[in-house]
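Trainee: I am new to this one and would like to get to know it step by step. Could we look at it together?
Mentor: Happily; here it is.

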Amino acid sequence: GFDCAANPVWTQVVAAGYGFGFNECPVGDGTQKGVMRAEAGATAATLQVQVNTQAGGLGQSDLVTVMAGIHDVIRLHDEVGQGTLTLAQAEAQAREAGRVIGRV
């Protein structure tokens, strides 16, 4: 099987730095306070909804990490390859997706 403790993803590394872990891949023997809310296929446009729907909301002492935008980049790459967007149009849309993520 896969040993996630030996091959942590970046969110696990950040959480471990604060002494937290995830039930799916525990760090130490303490309470595993980390919660993963990743959604397959998420885009910049869906990030705000994901943040807004967190159970119990977010508090001042919550640490939130966000990795978003890769599906936007893949879509833009495909559209440039298909000729439905120019490179300049794709770059403009990528910049706007980054702005959307930054506002969340």
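Mentor: A word on one term before we begin: the radius of gyration used here is taken over C-alpha atoms, and the globule rule is 2.2 Å times the number of residues to the power 0.38. Please also keep in mind that this is a predicted model.

Trainee: What radius of gyration does the chain have?
Mentor: Start from the rule: a compact globule of 104 residues would come out near 13 Å. The C-alpha trace spans about 55 × 35 × 20 Å along its principal axes. Set beside the globule figure, the radius of gyration of the chain is 17 Å.

Trainee: In what order do the elements of the chain run from the N terminus?
Mentor: Begin with the tally, which gives 4 helices and 0 strands. Reading from the N terminus on, the order is α-α-α-α.

Trainee: Where in the chain is confidence highest?
Mentor: For the chain, the mean pLDDT is 86, and 95% of the residues reach 70 or more. Among the elements, helix 1 has the lowest confidence, with a mean of 85. The highest mean, 96, belongs to helix 3.

Trainee: Is T11 buried or exposed?
Mentor: T11 sits in helix 1, which covers residues 10-17. Leaving out residues up to four places away in sequence, T11 touches F22, M36 and T65. Buried means under 20% relative accessible area. The relative accessibility of T11 is 11%, so T11 is buried.

Trainee: Is A6 buried or exposed?
Mentor: Look for A6 in the segment before helix 1. The cut-off for exposed is over 50%. A6 has a relative accessible area of 52%, and therefore A6 is exposed.

Trainee: What distance separates the C-alpha atoms of A6 and V104?
Mentor: Along the chain, A6 and V104 are 98 residues apart. In space, their C-alpha atoms are separated by 32 Å.

Trainee: Which residue is 9.6 Å from V104, C-alpha to C-alpha?
Mentor: The residue to look for lies in helix 2. With 54% relative accessibility, it counts as exposed. In sequence it is 52 residues from V104, and its name is N52.

Trainee: How far apart in space are the C-alpha atoms of G41 and A68?
Mentor: G41 belongs to the loop between helix 1 and helix 2. Because its relative accessibility is 43%, G41 counts as partly exposed. G41 and A68 are 27 residues apart along the chain, and their C-alpha atoms are separated by 9.8 Å.

Trainee: What share of the exposed area do carbon and sulfur atoms supply?
Mentor: Of the 104 residues in the chain, 18% are buried. The area that the chain exposes is about 7500 Å². Carbon and sulfur atoms supply 56% of that area.

Trainee: How far apart are the mean positions of the positive and negative charges?
Mentor: The chain has 6 positive and 10 negative charges. Taking the mean position of each set, the two are apart by 9 Å.

Definitions and conventions. Residues are numbered from 1 along each chain as its sequence is written. This is a predicted model: local features need pLDDT of at least 70, side-chain atom pairs count only at pLDDT 80 or more; totals for chains, interfaces and linings use all residues. Side-chain values use heavy atoms; hydrogens and water are left out. Helices (H or I, at least four residues) and strands (E, at least two) are DSSP runs, numbered from the N terminus. Buried means under 20% relative accessible area, exposed over 50%, partly exposed in between (1.4 Å probe, protein chains only). Accessible areas come from the Shrake-Rupley method with a 1.4 Å probe; for residues, only the protein chains shown count as cover. Lys and Arg count as positive and Asp and Glu as negative; His and the chain ends are not counted. The place of a charge is taken as NZ of Lys, CZ of Arg, CG of Asp or CD of Glu. Contact means heavy atoms within 4.5 Å. pLDDT is the predictor's confidence in each residue, from 0 to 100.
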